[in-house]
Amino acid sequence: MPSTTFTMIKPDAVQNGHIGAILQQINEAGFRITAMEMTRLSRVEAETFYAVHKERPFFPDLVAYMTSGPIVAAILEKDQAVDDFRKLIGATDPAQAEEGTIRKKYASSIAANAIHGSDSDENAQIEGSFFFGTRQRF
Ligand code: ATP
Ligand code: MG
């Protein structure tokens, strides 16, 4: 049965002109885009989205980076969407990511790593409604 995940093409990948290539790879991997928006995160939105990392040393840089330019947010549908999408994007650090993954091809660094993918069905729902539902804060 189709399930959903949530993604953001991050500011570095948008800035470097990779929106089209990344969306094509997502579609060719069998995901259907069911919602999409190009937008820019406010500081509060970025802090809220990554609140789980707020005690980490990289948090201020992460928020600065995620608000540095436009992003493309989307909801994607496929069987096993969360797991299959994490495989398609590759490891957080592009140096560790497998050949052919989106991060291997397009990420600049562990901080500017081109794309986000939800890490669980529950977070996919929360993150999808953050952008496309009521914009409810969690
Ligand atoms: P995302 O949640 O964006 O899909 P992820 O689940 O692979 O990425 P997380 O551990 O959730 O990785 O980290 C969230 C984001 O914080 C990473 O994508 C990256 O942009 C940044 N980040 C994580 N670890 C580091 C680090 N050691 N140094 C700098 N930035 C980091
Ligand atoms: Mg994560």
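## Ligand 1 and its pocket

An oxygen atom of ligand 1 lies 3.1 Å from an N or O atom in the side chain of Arg103, and that is a good place to begin a tour of this predicted model. The ligand sits in the largest pocket, and the protein covers 79% of the 580 Å² of accessible area that ligand 1 has on its own. Here is what surrounds it, topic by topic.

**Polar contacts of the ligand**
- Thr92 places a polar side-chain atom 2.5 Å from an oxygen atom of ligand 1.
- For His116, the distance from a polar side-chain atom to an oxygen atom of the ligand is 2.8 Å.

**The shell around the ligand**
- There are 13 residues around ligand 1, and those that come nearest are Lys10, Tyr50, Thr92, Asn113 and His116.
- By residue class, this shell holds five nonpolar, five polar and three charged residues.

**The largest pocket**
- The space in the largest pocket comes to about 630 Å³.
- Its lining is made up of 25 residues, and Tyr50, Val52, His53, Leu62 and His116 lie nearest the centre of the pocket.
- Two or more lining residues come from each of these elements: helix H3 (43–49), helix H4 (59–66), strand E4 (115–117) and helix H7 (121–132).
- The lining divides into 11 nonpolar, seven polar and seven charged residues.

**Residues that appear in both lists**
- Tyr50 and His116 are among the residues that come nearest to ligand 1, and both are also among those nearest the centre of the largest pocket.

Conventions. Residues numbered from 1 in each chain as written. Chains lettered and ligands numbered in written order. Predicted model: local features only at pLDDT ≥ 70, side-chain atom pairs only at ≥ 80, totals over all residues. Heavy atoms only, no water. Near = heavy atom within 4 Å. Polar contact = N/O pair within 3.5 Å; in protein donor to acceptor, adjacent residues only side chain to side chain. Areas by Shrake-Rupley, 256 points an atom, 1.4 Å probe, with all protein chains shown as cover. 1 Å grid on protein atoms, 1.4 Å probe; cavity = no way out; pocket = protein on both sides within 12 Å on 5 of 7 lines; lining within 4 Å. Sits in = over half its atoms within 2 Å of the grid points. Nonpolar A, V, L, I, M, F, W, Y, C, P; charged D, E, K, R; others polar. Points joined across faces, edges and corners; volume = space filled by probe spheres on them. Helix = DSSP H or I, 4+ residues; strand = E, 2+ residues; numbered from the N terminus.
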